[in-house]
Amino acid sequence: MNRQDVAADRVLSLTLKFGAYTAFALIVAGLLLQLAVPWGTKVTAVGLLVLLATPALRIIAACLQFLHERDFKYALVSFGVLAIVVLAYVLGL
Amino acid sequence: MTLAAMLLLVAIGFFAGGFGALAGVGGGIIVTPLLAIYFGLPMHQAIGVTLLCVIATSTATSSMYVERHVTDVRLGMTLELATTVGALIAALVAHHINRRTLAILFAGFLLYSAISMIKKAWDSRSAKKEEGIPDYTPQNYPAGLAASLIAGGFSGLLGIGGGPVKVPVMLLFMKVPLRVAAATSNFMIGVTAATSAYVYWGHGDVRLDIAAPLVAGVFTGSLLGAKISPKIRSFYILMLLVCITGWLAAEMIYKLFTGGFQ
């Protein structure tokens, strides 16, 4: 019953697409700017940060979508994954 | 960075992402050794940069598979509980492993990948393309979680996705159809690699100047590869990848014997 969850698939694929295309546009723009002006590297850096943040964003989107569907078991699972990812960020610093 | 170096990195990313998506293997395995051997990056930095490429491939291609309802999102999220823990622990450990040991581990992994791709190429000759997905219920979660923990560990230690560990276990022990297992593994890789990447980032091992042109190439290559992969026989691409990984493994071993990777 769980597999064909059209709404969740839609929310997650949109989140992934949004992250991928935003990151890609910023990185390409930054690489081109870099050839002309020194602050181009800052634009590529923002693009790579968007790329790094996208997986975390995708977990948050899943968590919210499962809450919306009142599927609390998987909302909790998503929250657990998010907690580990945030822990990795904190421990890395 | 010179324009030539930038374009070279874009090209490497394009081919790694494209071949990876076409052959159904992670392109990351060729990026790390190329950076370590030919660009002189320390192993930790080469792995840190590769992790960004892995996130790029997973993000770009898994949006397509999720849209087509091939990915089992709930199964993926559940197994991510284990891949992220494995990735976190291994990434913290990797920081304390010296470059040479890491290079030895990676060379061993390259040889293993080359051999498993020969088997995959052989099987692909008789495989049927694009069939429907049968009904299933994932079974044996403990086996799946254990495999995911190990796959996550490989991600944190060597900067790879860990698909070769997860997919067979999902297929054989959890009774998930192959296409679903492959798409779900691909979906999980982004979050797993991100977990490792945050740790590498914190340790200063993610070189943004090298990563940016690579990632731009990987995005284009993997999207193009995923679009045309149903129309292409993966046999020849896999054999080409076997040659490349075999060559890179030989180069790494030669460099190890001549005192490299210090």
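Which residues does B:Leu158 touch, not counting residues up to four places away in sequence? Keep that question in mind as you open this model, which is predicted, and select B:Leu158, which you will find in helix 6 (residues 141-158) of chain B. With neighbours up to four places away in sequence left out, B:Leu158 touches B:Ile47, B:Leu105, B:Phe106 and B:Phe109, so show these side chains as well. B:Leu158 counts as buried because 24 other C-beta atoms lie within 10 Å, and the cut-off for that word is 20 or more. Next, add B:Gly202, which is 44 residues away from B:Leu158 along the chain, and draw a line between the two C-alpha atoms, which are separated by 17 Å.

Now turn to the largest nonpolar core, which holds 126 residues, and select A:Ile27, B:Leu52, B:Cys53, B:Ile55, B:Ala197, B:Leu214 and B:Val215, the members that touch the most others. Colour helix 8 (residues 178-202) of chain B too, since that helix gives the most to this core, with 15 residues.

From that group, centre the view on A:Ile27, which, leaving aside neighbours within four places in sequence, is in contact with A:Thr44, A:Gly47 and A:Leu48 in chain A, and with B:Ala212, B:Val215 and B:Ala216 in chain B.

Finally, look at where the chains meet, with 40 residues of chain B in contact with 41 residues of chain A. On the side of chain B that touches chain A, the elements giving two or more residues include helix 1 (3-23), helix 3 (43-67) and helix 9 (208-228), while the largest share, 10 residues, comes from helix 4 of chain B. Coloured by residue type, this side of chain B divides into 26 nonpolar, 10 polar and four charged residues.

Terms used:
Residues numbered from 1 in each chain as written. Chains lettered and ligands numbered in written order. Predicted model: local features only at pLDDT ≥ 70, side-chain atom pairs only at ≥ 80, totals over all residues. Core = buried A, V, L, I, M, F, W, Y, C linked by C-beta atoms within 7 Å. Buried ≥ 20, exposed ≤ 12 C-beta atoms within 10 Å, placed from the backbone. Helix = DSSP H or I, 4+ residues; strand = E, 2+ residues; numbered from the N terminus. Contact = placed C-beta atoms within 7 Å. Nonpolar A, V, L, I, M, F, W, Y, C, P; charged D, E, K, R; others polar.
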